[in-house]
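Colleague: Please take one strand of this model and look at it closely. I want its pairing, its surroundings and its place in the sheet.

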Amino acid sequence: MNNVSVGKLLLLQGLMLGAFTGSSVAIAEVSLPPFYSAVTKMQPTGSLGQVIKYEEIATPIHGAKAWRIAYISSDVNDRKTISTGLLVAPIGKAPREGRPVISWAHGTTGTAQNCGPSQTVNPAVPLNQYFLKSGNSWTDYGIPALEEFIREGYVVVASDYQGLGGGGKHQYVVSATQGRDAINAVRAAASIKIAGAGKKALIYGWSQGGGTTIAAASSGEYINQKDTAFDDIEMVGFVAMAPPDFRTMTPAGGIMDEGAEKMLSGFAKTFSNNVFNFTHLAMNLWATQAAYPERLQLTDIYTTDGARAVDEIMSNKCVHVASDTFTYTYGDDYAQLMKAKPENAKAWADAILNGSVPDSKPVAPVILYWGTKDTVVPPVMGQQYRDQMCLKGGNVARVNVGEATHFGTPAASEPLYMPWIRDRFAGKPAVDGCAVN
C-alpha cells in the first residue's frame, strides 16, 4: 500500500466503511512468468504455511541465497489461498535453535496477478521505491534492511500476499487477510530446511504492509493454531511504518444504515477529486468485494458499465498503470462510473470493519513509526490504534521520525528499528510504549 493513500484516506474520511468492489465480470488474463503461471493452476490444499513450489534465484546480497516460494495461506473468512513471495537466508550452518525469522509486509503495488514484488527481474535486493528519485522500476520491490538482516544472521521472508501471483483476487487492504499471509510466510520459511529458520519471528511492514503488521499482531489465535507446516512460532515483536487501521475511525456504537449510506456517498465524492485517488478507491472496493462476494456487488456502488470497467482494469493492471487507463479512457469523467446513490451500504460498512485490524490485544510489543509530512495515511490512525490497544493491555510504542513523507518513512525508520529488533530477538524486555506520552 505504498500509496494506499486514497484507498485508505477514503475509508478514513468517514469512518472507513466505504468499500465497494468486485462484480461478476470474468477476470481477465495477465501474462505471468513461468513460476507464477504454474502456481495459479495449483489448488490451495495443504497445511497453513506449507510450501507447494519453490525455485532458487540469484541475489546480489553477499553471503545469502534466495528462493521464490509459493505457500498455503487463508483469508479473513478462513478460505484457503495461495501466496507467493521471496525467501532469503544466510549461507552456512544455522545455530541449533535455528535462525530468527523476519517477515516483510510490502506496501501497495496493485491488484492484478502480475503485481507481486517477487516477480521483478532481481527481487532479492534492498527496498527500491519507484516514487523516489533513486527508484528504477515501475513498482516498489525489494526488502528494507535486507543486507543488515543477513549480516545479523536472520532468515528473511517477504510475502506478495494472496492474489498477486498465486491465483484468486487480491484482497487489497483487507488487513486481516494480509496479516495471515505474513504469519504463514514465517511458517513457510521453516519449510525450506536449508534456510535454517527457528521459532522466533518478527513481522515488519510499511503502508499497506503496516496495516498487515498490526493485523498480524492482534491475530493470536491464528498464530497459535496447531497442525500447520510449522507450529509454535514465537512472535517477539511487530514494526509498523505508517500503518492504516480503519477500525479506529468507527464510532463506538458502530455504523447504522443511514450513516453508512452517507459515508459511502461522501467517500465517492471526496475520492473523485483526482484520478490517482479514484484508482485507489476502486482498488479498495474491488478487493473488499473479492473478500465478501456473497454479500457485495460492484454494482452496489458503480453503474453497470462502471462495474465492468473497474473489474477489467483491476484484474489486469498494477496501481500506476490503472490510473493511466482511467485517464486515457475517461478523461475527467471517471467519476461518472459511480452511482449517484450507493446501495447495500451497511453490508459494505460491515465488510470493511470485519477485514480491518482485529480488535484484540497484540501478542507481543508493537512499535509504530510515522512522519509529520505523511499525507497518504493520516498519522491520527496510528495514534488512535495505540490508544485503543493500550487500553487492552498491549505494549504499543509510537515514534515520530520527523518531517518524513509517507514514502520517506522506511528510510527514516530503519536506523531506529534495527536495534529494537535486535533487542527483541535477544530476549530483552521492551520499554512500555503505553507509558510514554
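Modeller: V239 stands opposite I367 in β8. That pair is a good way into strand β7, in what is a predicted model. β7 covers residues 234–241, and β8 covers residues 366–370. The two strands pair in the parallel sense, over four bridges. Further along, M241 has Y369 of β8 as its bridge partner.

Now the other neighbour. β6 also runs parallel to β7, and seven bridges join them. Here L202 has G237 in β7 as its bridge partner.

Next, the cover. Seven of the eight residues of β7 are buried, so the strand counts as mostly covered, with buried meaning under 20% relative accessible area. Two helices touch β7. Helix α13, residues 409–425, packs on the sheet and touches β4, β6, β7, β8 and β9. Its direction makes about 165 degrees with that of β7. Helix α4, residues 175–191, lies across β7 as well. It also lies across β1, β2, β3, β4, β5 and β6. Against β2, helix α4 runs at about 130 degrees.

Finally, the whole sheet. Nine strands form an open sheet with mixed pairing. The order is β1-β2-β3-β5-β4-β6-β7-β8-β9, which places β7 between β6 and β8. At the edges stand β1 (51–57) and β9 (396–400). Each has a single partner strand, so one side of each is left without a neighbour in the sheet. From one strand to the next, the twist averages 20 degrees.

Terms used. Residues numbered from 1 in each chain as written. Predicted model: local features only at pLDDT ≥ 70, side-chain atom pairs only at ≥ 80, totals over all residues. Heavy atoms only, no water. Pairing = 2+ DSSP bridges. Axes fitted to C-alpha atoms, helices over the stretch in contact; angles between N-to-C directions. Contact = heavy atoms within 4.5 Å. Buried < 20%, exposed > 50% of the residue type's maximum accessible area, 1.4 Å probe, protein only.
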